[in-house]
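I opened this model to go through its strands, helices and ring pairs, and I kept short notes on each look-up as I went.

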Amino acid sequence: MAQLTHPLRLLAAEDVLASLTALRAKQPVKYAAFYSSQLGGIVTDPALMIIPFDDHMVHRGHGIFDTAGLVDGKIYDLEAHLDRFHRSAEHSRLTMPVPRAEMREIIVSTVAASRQRDGAIRYWVTSGPGSLELSPAAGAEPGFFVMVFPGLVYPERWYTEGLKVMTTTYPIKPSLYAVTKSNNYLPNVLMQMEAKASGVDNGVFVDGNGNVGESSNMNVAFVTADGVLRHPKFDHILAGCTSLRVLELAKRLVTDGVIQGVEVCDIPVGKARAAREMVLLGSSVKVAPIVAWDNRPIGDGKPGPVSKALLAILEEDMRTGDRLIDVPY
């Protein structure tokens with residue numbers, strides 16, 4: 001029998017807290033505030049931001065999440081994200097633990113407690129703890145959690161030089177799972193790991209009909225040869241809140257003559273590869289140009305004018321638009 005390096009011991013509550021604190025001290029986390037319906041309030045110590053191991057989200061992936069942006073002390077586009085959150089709950093047969101208005105207030109209050117003015121707000125609903133079975137535990141209470149953190153940060157070169165992507169070898173998710181923002185992100189994780197191992201920045205799913213899908217945790221769109229901004233249909237990919245807003249805002253660029261139109265449609269890979277521009281769209285990345293796909297240049301292989309224009313109008317909307325909620329710090 002193998003000899004243990006360190007003898008195992010039974011831990012008291014104070015030992016557990018000390019170990020959790022030491023664990024977080026080793027990690028560069030900057031989680032500012034965490035609300036837990038299971039704890040009944042908000043904590044600001046990352047060591048206390050925990051979920052039971054037998055929560056159905058932890059051991060079976062039965063949970064949903066969404067993320068909204070925090071810009072200059074205001075929450076951006078929260079209602080659109082909550083709309084999608086509730087759709088995901090319906091698809092996942094999850095019961096919302098509190099009414100929508102109360103959920104909104106919990107999110108706003110957690111941001112206020114964080115004292116953060118810029119970053120991201122991620123929130124989850126789970127079916128709760130109580131067993132390790134496939135079905136939720138009998139009598140389990142749904143869990144609701146909110147996290148305020150700095151947000152995902154991407155290299156500046158993505159915006160100045162552009163990204164390189166590859167067609168992933170992993171299959172696209174079936175539609176039911178693709179349109180649900182669940183915690184089951186294994187295909188997305190594997191795609192991202194594959195891309196990094198191949199020396200590129202991200203991957204792109206292609207469906208069984210040869211049409212473009214989405215990226216790992218972002219949508220993709222194209223300015224095709226005729227000058228039209230085209231986005232894949234949302235029936236087999238996640239309906240990105242940022243994509244939907246950008247498509248709406250992009251109508252201004254049609255008026256200004258920057259693009260010739262906006263369309264949501266099937267985009268065959270061949271037509272996509274011949275595009276003038278290709279972009280990533282997402283709440284964290286915003287708008288980032290893709291300059292190479294499978295080692296072939298998109299357009300002239302440089303960030304194009306439409307990607308820059310889309311980023312500008314989105315950033316303006318995030319600071320001065322009509323989709324902002326003030327946080328009462």
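**Entry 1: the hairpin strand**

I began with Gly282, whose bridge partner in E13 is Lys286. I was working on a predicted model, in which local features need pLDDT of at least 70, side-chain atom pairs count only at pLDDT 80 or more, and totals for chains, interfaces and linings use all residues. Residues are numbered from 1 along each chain as its sequence is written, and side-chain values use heavy atoms, with hydrogens and water left out.

Helices (H or I, at least four residues) and strands (E, at least two) are DSSP runs, numbered from the N terminus, and two strands pair if DSSP finds at least two bridges between them. Five bridges join E12 to strand E13 (residues 286-293), and the two run antiparallel; I noted that they form a hairpin with three residues between them. Strand E9 (residues 219-223) is also joined to E12 by five bridges, again antiparallel, and here Val223 has Glu277 as its bridge partner in E12.

How many residues of strand E12 are buried? I took buried as under 20% relative accessible area, exposed as over 50% and partly exposed as in between, with a 1.4 Å probe and protein chains only. By that cut-off six of the six residues of E12 (residues 277-282) are buried. Glu277, Val279 and Leu281 are buried on one side, and Met278, Leu280 and Gly282 on the other, so both faces are covered.

**Entry 2: the open sheet**

Next I traced a sheet of seven strands, which is open, has antiparallel pairing and follows the order E2-E1-E6-E5-E3-E4-E15. Strand E2 (41-43) and strand E15 (324-326) stand at its edges with a single partner strand each, so one side of each is left without a neighbour in the sheet. Neighbouring strands of this sheet are turned by 25° against each other on average, direction ignored; the axes behind such angles are lines fitted to C-alpha atoms, for helices over the stretch in contact, and angles run from 0 to 180 degrees between N-to-C directions. Within the sheet, strand E3 (residues 63-71) and E5 run antiparallel and are joined by eight bridges, and I found Ile121 of E5 as the bridge partner of Ala68.

Which helices lie across these strands? Helix H4 (residues 100-114) lies across several strands, including E1, E5 and E6, and runs at about 35° to E6. Helix H11 (residues 305-320) lies across E3, E4 and E15, running at about 30° to E15.

**Entry 3: two loop residues and a covered helix**

I then looked up two aspartates that have a positive phi although neither is a glycine: Asp72 at about 55° and Asp77 at about 60°. Asp72 is placed in the loop between E3 and E4 and is partly exposed, with a relative accessible area of 42%. Asp77 is in the loop between E4 and H3 and, at 4% relative accessibility, counts as buried.

For helix H8 (residues 241-249) I noted that seven of its nine residues are buried, among them Cys241, Arg245 and Leu249.

**Entry 4: rings**

For aromatic pairs I used rings of Phe, Tyr and Trp (its six-membered ring) with centres within 6.5 Å, where planes under 30 degrees apart count as stacked, over 60 as edge-to-face and the rest as tilted. By this rule the count comes to six aromatic pairs. Phe85 and Tyr123 have ring centres 5.0 Å apart and planes at 85°, so this pair is edge-to-face. Because Phe85 lies in helix H3 (residues 78-91) and Tyr123 in strand E5 (residues 119-126), the pair ties together parts that are 38 residues apart in sequence. Both Phe85 and Tyr123 are buried.

Tyr154 and Trp158 form a stacked pair, 4.8 Å centre to centre with 20° between the planes. Tyr154 is buried at a relative accessible area of 17%, and Trp158 is buried at 5%.

I also checked for charges over rings, which requires NZ of Lys or CZ of Arg within 6 Å of the ring centre and within 35 degrees of the ring normal. The charged end of Lys173 sits over the ring of Tyr185, 4.6 Å from its centre, and that of Arg273 sits over the ring of Trp293, 4.4 Å from its centre.

Methods:
Contact = heavy atoms within 4.5 Å.
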